[in-house]
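Let's take a walk through this one, stopping at a few residues along the way. Have your viewer ready.

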Amino acid sequence: MKNYIVFDVGTYNTKILYGGYSNGYVMVKKTAVLKTPEGMVDNGMLDIDIASDTLSEFLDNIQINPKLAMGAAVVVSSSIVSRSFSLPYSNQKELHNMVLMEVERLFSEVLQSYVMDYTCTNLNVLDDTKTADVMMFALPEKIHKAYEDVFINIGTKPAKLDVASNSSSKTFTQRLFINDIACPTDQTIALMDIGHTTLNMQIIEKGVLKFCRVLKIGGADITKAIMDDLDVPFEEAQHLKEHVVDLSELVKSKATESAMRVLDDIANEIQRVLRYFASISTQGEVSLVYMYGGTSRIKNLSKFMQNILGCEVIPINTMNVIHLENDLPLDCYPSDFLNSAGTLVKL
């Protein structure tokens, strides 16, 4: 099994996973979390000097030798372009050429300033005609280059750069158990990563990624509302959000009221995306939502979202695809490393 160091650089926390992929499972040897230094990342774009110095020092502190592993990363950015389309299929080489032609027809600038990748999500056969469903992702070349430079600077060989919408959904291609319960394979499922500044949504039909969106909303908006309403500093507002806000309170605290005002807006944005998907899907509406990410752990958020979205909402704690060899960092869950783990699936 090859070893990889996977970086998931967020605006609030940076998560590191050290491990590999074997026999359908991500074997995790070590995990770590550090506070992301100010200025290290902006909408997915790394400051090469800050990132190189920070990550090199941190890897040394947690005793991971970057020279003994390949470098990988998962990226979240609103500048990532994603599109899905169907094309006639005869063989892989011809499909590749047709994807390039389709991308150039839709947005020629993508081939000039973006690094493109795509996945054939499904083959359809009707009579003697074959078509392929394709999900395409295009990452700005400057973001791709910055990660490669950081990998080289810290002494590891660049191997894989994935977008979060693609990495986490790859775990749904297997016989998956979430929180020790089998994930249904015959439903349309939404997967939501509610982070600090972004909410990453993927919609999966029968194990196949069909749609994704990155919304520029997240936990930071809730923290700011608490700061403004209660006139408290960031650290106190963050503590209130994580430990005091409870959406099931009969008599709402001021912090909970502030959080609910923002969460109403977030839920309405999610509902708008789900309605749009339902309007273009032939399989019907989303019937189940899984959520993860730091903000998803606000007390009773799942019930709050369930009432607004009108479908079951389940917070992800564990997944059978992730095998941990050591304890997680304090206040972390296996799902915090879902994006990183998905990057290694089928690598």
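Two residues are in contact here when they have heavy atoms within 4.5 Å of each other. Keep in mind that this is a predicted model.

With that cut-off in hand, start at T343, which sits in helix 10, residues 338–344. Its relative accessible area is 0%, so T343 counts as buried. What surrounds it? Skipping neighbours within four places in sequence, T343 touches V6, A72, A73, V74, K160, D162, S167 and K170. The T343 side chain also has a polar atom 3.1 Å from the backbone oxygen of N339.

Now hop over to I217. You'll find I217 in the loop that links strand 15 (208–215) to helix 6 (219–230). Is I217 buried or exposed? Buried means under 20% relative accessible area, and I217 comes in at 17%, so it is buried. If you again set aside neighbours within four places in sequence, the contacts of I217 are T197, T198, L199, I266 and E269. There's a nice sequence-versus-space pairing here too: I217 and D265 are 48 residues apart along the chain, yet their C-alpha atoms are 9.3 Å apart.

Last stop, the cysteines. How many disulfides does the structure hold? The count is 0. Take C183, which is in no disulfide: the nearest cysteine sulfur belongs to C311 and is 13 Å away. A disulfide needs the two sulfur atoms within 2.5 Å, so that pair doesn't qualify. C183 is also buried, because its relative accessibility is 5%.

Definitions and conventions: Residues are numbered from 1 along each chain as its sequence is written. This is a predicted model: local features need pLDDT of at least 70, side-chain atom pairs count only at pLDDT 80 or more; totals for chains, interfaces and linings use all residues. Side-chain values use heavy atoms; hydrogens and water are left out. Buried means under 20% relative accessible area, exposed over 50%, partly exposed in between (1.4 Å probe, protein chains only). Helices (H or I, at least four residues) and strands (E, at least two) are DSSP runs, numbered from the N terminus. A polar contact is a pair of N or O atoms within 3.5 Å; within protein, one must be able to donate a hydrogen and the other to accept it, and residues adjacent in sequence count only if both atoms are side-chain atoms.
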